[in-house]
Structures are given as structure tokens and as C-alpha cells.
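Biologist: Please take one part of this predicted model and look at it closely. I would like the nonpolar core, and what packs around it.

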Amino acid sequence: MLDIALNNGRLIDPAAGIDKTASIGFQNGRVKIISDLPLNGRQVFDVRGRIVCPGFIDVHGHIDGHRYGGQLDLLQGITTTIGGNCGFSPSHVDQFLEQQNQNGFVINQAELVGESATLREAVGIIDPYVPADDRSIELMSTIAREKLEKGAAGVSLGLDYAPGSCQKELLAMARLCAEYHRLLAVHTRMTTCFDLNSLYELLNLAQETGTRLLISHYVYQYHAGGVRPGLEIIRKAREAGLDVYLDSGMYVSWTTGVHTATYDERNLHDNEMRFEDMVVATGEYTGCRMTREIYEKIRASREESSVIYLEGAENDPQVWECLMPAYAMPSTDSMEYRPGEGHPQIAGSFPRYLRQMVREQGLLDWPEAIRKATILPAQTARIRERGSLQPGWKADAVVFDPQSIKDNARYPHLGRPDAVPGGIDCVFVNGRLAADHGQCTGETAGEVVFYTK
Ligand SMILES: [Zn+2]
């Protein structure tokens, strides 16, 4: 007997080349059968008029085991998230993975080792503006190697957060990723907002070591004039044989911690960043425009606050342009906040991607949009048995209404950043119903994606 049967939906599985009306059955956490006839099972859903596709895979998140963030991911159709991005990760990724595996989590998780903050801190580098010396590089490499041996998915860099990072340090990390066939995910180093050297710096790492590169939240880095020339640089690099991908979000305005180097006075000055373009995303000033007084107060506080930098128009076409190349995939950059706080990316990203790029603007068709959100990230991060609904693979799936799927999340000065999206009927994680019409069911069927050499 099947555990779950989803009958008569439009099954779209780009990896298998399927786009047809069909029924699909899950058993013991895996896809058991795809059939032209309706199936029987313990739980049967008639999903006529709905799209059934593999669960979305978010290659760029900061969920790192946080419950509410994980639930918001799930409610937007994400069944696997890759955490530990931008140089920030749990300090013991191996122990973290073990623990998550024991406790269970709402969605599946893979984890990168963060270098720019976490590893640097582990070897005693407190000042983000200083380069690592040879001894520190050696120590960091030893720790990173151990974590890769014990299942980390790769290494992440957040070069804006460690402006002092030197080439030798980055090359050491790139070499390790190449050796272990893991991902090097990089939030680039922007010295000014038009800085394309930041891309060449990365491509040089790929050239020297052969590592696979994932350029993180591309639109946030390059929207101030660099999107098109940057894409051209990446296109040429790929043509020359470099293994480069990018992920990008659905918004232009980005958010980060107020204590990071990004919000240091000197960076505000160098990049002409203005208080009136900042909105506080967490804490007692949530939804307030920044003032000198608030800035000084929250920077002095020990509590970490997130601040959104408002840029560009709400529907800046560059957002979609970044996602058009075949090697580009949608991502959230989501993290943990308290209810009512944060950036709309935490709840709106994937529904917004589908609503805008497929239904409203017709830039992608359903199979291509789904490919970029499922099998492309799975292959990029070398995640096996996910990203497709082939019999035998893990039963991570989303059922949604193509006519009504939409994001409801807003910036905190305009509404709720964590508003649940509409049009998503069900989300299945490892064959269990984890979200049902916008509500989490309480299942914690998520698994940890361990890597072995
Ligand atoms: Zn980042």
C-alpha cells in the first residue's frame, strides 16, 4: 500500500523530461510509482488543476537549524536548504549535522563551513580588515578539511564581511573544495558598488584550482550597474571551461547584520550609503527608518540587529535578468527572525519567482522555472536523490496552483515580512505531509544531507 497518492495533477519533473497529467505515489519516504491511472494509498489527494513538482532546493540560506526560519522555508515550497553561507556557519558543522539528524527538522539541510567569519574566529582573527597569516591559513585548512571529511557540503566565503581576506587564504579554501569535489560558495568582495574586480578575483580561484564556484545572491551584489557586464564575464568564464554558477534573489533591497563590516562607518562613507535608505528589520525599531541615533544605539547594543538597505524599484527588471541564464538559480538568503521581523525574502522568494517569471511576465515556462529551482541546485551542490521525482528518489514534492501561487511578504515598514504565501496546497518532505494549505503539520521529516568523499 502506498503511503501517499497524488492523483491527476500536472506532473512536472524536468530532470526526467516529464510534463504530463499523471498520478504519483510515495512509500517509505521515496517515490514508488508514476502512473497514468489514479492510485490508491493511505492518504489520497486529488490534485487536478495543480502542478506537482520536486520540492524546491535553496542553495543559499542561513537557516542553520533554526525552527521558525525552517518553517517559513517549508511554507514557500522549499524542502532542502543549504546553510552555513557567507562565511558564517555553526562552529562545529559535523556536530551540528549529527544533532540535526537526531532531533529531526522540518526540511532537509546541507551545511557549508564558513570561512570569513567562523573559521577566522576559530583561529583567533577578530579584525575583519587583517589578512590571515600563514599559520592561521594552515590551521583553518586543517579544520575545514576535518569538517569536509565529516560531511560538510563545501566552504563559504563572505568577503564583504572580511575585507582583509588575502588571496593565499582564499586559494587554500578553493584547493580544498576542489580536492573534495565540494562547493565553494562566495559572497563577493565589493570595494565599491561598481566593483567587477570582485568577480575576477573569484574566477581566478576557479582557474587556479578547478573548484566549482557558486556566486551568492548575485543581484544583491551587482544591481548597481554590474549585472549585465558581470553576466558577460561569467558567460565567458564558463565558455573557457570554468565551473561557475550563480544564485540570486527576488528583491533588490538586501539585508545584513548591523554589526558586520558592511555597516561600518567607513563602508557607509565609501559607498555613499544613507540612513534614510535603511529600514531596521529586527528588535524594538522594526519597521523604522534609520537615524543617526538609532544607528549608534543598535551598533552599541550587544544584540545582533538586521538592517535592510532599500535600493532600486520594487520591480527592478534586473532581478529577473540575473535569473535568466541557464546556470542561474533562485535563492532566498533567508535566516531566523522572530515572528513579524525580517526581510520578505524569508517567506516570499520562491512563490514570487514563479508568479513573476512564469505567470505574470512569461520570461520562463513552468518546466524551465522548476528545473532552476530543483535539479539545477541539486546538481550544482552535488545533492543526490533529490531535485527529481524519479521512482526510488526521495519523495520531496510541492503541489501548487499555477493560477494563484503568490508571495504575500512585505518589507517591515510596509507589512509582514513573514506573511505566508498563497496558492501552495501541500509540501511533502521525505514522503510526509509537512505543510498543508499554508500551515505546518508539525512533521519533522527533514534529513541531513551528509557528504562522503
Ligand atoms: Zn551573503
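Modeller: The largest nonpolar core has 124 residues. Those with the most contacts inside it are Val 52, Ala 153, Met 173, Leu 184, Leu 213, Val 427 and Phe 428. Helix H5 (residues 167-180) gives the largest share of this core, seven residues. Domain 1 (2-53 + 393-405 + 412-440) and domain 2 (55-258 + 313-380) both contribute residues, so the core lies between them.

Take Leu 213. Beyond its neighbours within four places in sequence, Leu 213 is in contact with Leu 184, Val 186, Leu 202, Ala 206, Asp 243, Val 244 and Tyr 245.

Two of these names, Leu 202 and Ala 206, lead to helix H6, where they are among the buried residues. H6 (residues 197-209) has 13 residues. From first C-alpha to last it reaches 19 Å, close to the 18 Å expected at 1.5 Å a residue. Its buried residues are Ser 198, Leu 199, Leu 202, Leu 205, Ala 206 and Thr 209. They cover an arc of only 120° around the axis, so they sit on the same side of H6. An α-helix has 3.6 residues a turn, so residues three or four places apart point the same way. The buried residues of H6 pack against H5, strand S10 (183-187), strand S11 (212-215), helix H8 (227-239) and strand S12 (244-248). After H6 comes Gly 210, with a positive phi near 80°.

Now domain 3 (259-310). Its centre and that of domain 2 are 23 Å apart, taken over C-alpha atoms. The contact takes 17 residues from domain 2 and 19 residues from domain 3. On the domain 2 side, seven are nonpolar, eight polar and two charged.

Conventions. Residues numbered from 1 in each chain as written. Predicted model: local features only at pLDDT ≥ 70, side-chain atom pairs only at ≥ 80, totals over all residues. Domains from an automatic or database assignment. Contact = placed C-beta atoms within 7 Å. Nonpolar A, V, L, I, M, F, W, Y, C, P; charged D, E, K, R; others polar. Core = buried A, V, L, I, M, F, W, Y, C linked by C-beta atoms within 7 Å. Buried ≥ 20, exposed ≤ 12 C-beta atoms within 10 Å, placed from the backbone. Helix = DSSP H or I, 4+ residues; strand = E, 2+ residues; numbered from the N terminus. Expected span 1.5 Å × (residues − 1). Arc of directions from axis to C-beta.
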